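Colleague: I am new to this structure. Please take me through one part of it closely, the second largest pocket and what surrounds it.

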Amino acid sequence: MQKIVILASTIVGSSIEPQVYIVKNGKSVLQNIVISKRVGNNVVIESRLKEGDEIVLNGFINLYDGANINHK
């Protein structure tokens, strides 16, 4: 089974309840995740993300659940 690895800097929330923003239908959606381990600046995701999910990488200051996302 292939693991999903993301940048640790994309995680919002706490280490107890880590979350990431993903893009669905042009809107940000706050998604709970389960981390299996940290490797350097990356984290290995145990569950709740799937291949093809588009993760917001930066711009978190004005981001909230349901915000419109402009791709650049």
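Modeller: Here is that pocket, then its neighbouring strands and a salt bridge. The model is predicted: local features need pLDDT of at least 70, side-chain atom pairs count only at pLDDT 80 or more, and totals for chains, interfaces and linings use all residues. Residues are numbered from 1 along each chain as its sequence is written, and side-chain values use heavy atoms, with hydrogens and water left out.

The second largest pocket has a volume of about 210 Å³. A pocket here is an open set of points on a 1 Å grid over the protein atoms alone, where a 1.4 Å probe fits, with protein on both sides within 12 Å along at least five of seven lines. Its volume is the space filled by probe spheres set on the points, which are joined across faces, edges and corners.

The second largest pocket is lined by 13 residues, and Q2, K3, I4, K50 and E51 are the closest to its centre. A lining residue has an atom within 4 Å of a point. By class, this lining holds 5 nonpolar, 3 polar and 5 charged residues. Asp, Glu, Lys and Arg count as charged; Ala, Val, Leu, Ile, Met, Phe, Trp, Tyr, Cys and Pro as nonpolar; the others, Gly among them, as polar.

Strand β6 (residues 42-47) gives the largest share of the lining, 3 residues. Strands are DSSP runs (E, at least two residues), numbered from the N terminus. β6 sits in an open sheet of 3 strands, in the order β1-β6-β5, with antiparallel pairing. Two strands pair if DSSP finds at least two bridges between them. The edge strands, β1 (4-7) and β5 (34-39), each pair on one side only. Neighbouring strands are turned by 35° against each other on average, direction ignored. That angle is taken between lines fitted to C-alpha atoms. β5 and β6 run antiparallel and are joined by 5 bridges. One bridge pairs V34 with S47 in β6.

Now back to K50. Its side chain meets that of D53 in a salt bridge, at 3.1 Å from N to O. The term means a side-chain nitrogen of Lys or Arg within 4 Å of a carboxyl oxygen of Asp or Glu. The structure holds 1 salt bridge. K50 counts as exposed because its relative accessibility is 53%. D53, at 21%, counts as partly exposed. The cut-offs are under 20% relative accessible area for buried, over 50% for exposed, and partly exposed in between (1.4 Å probe, protein chains only).

Note on methods: Helix = DSSP H or I, 4+ residues; strand = E, 2+ residues; numbered from the N terminus. Axes fitted to C-alpha atoms, helices over the stretch in contact; angles between N-to-C directions.
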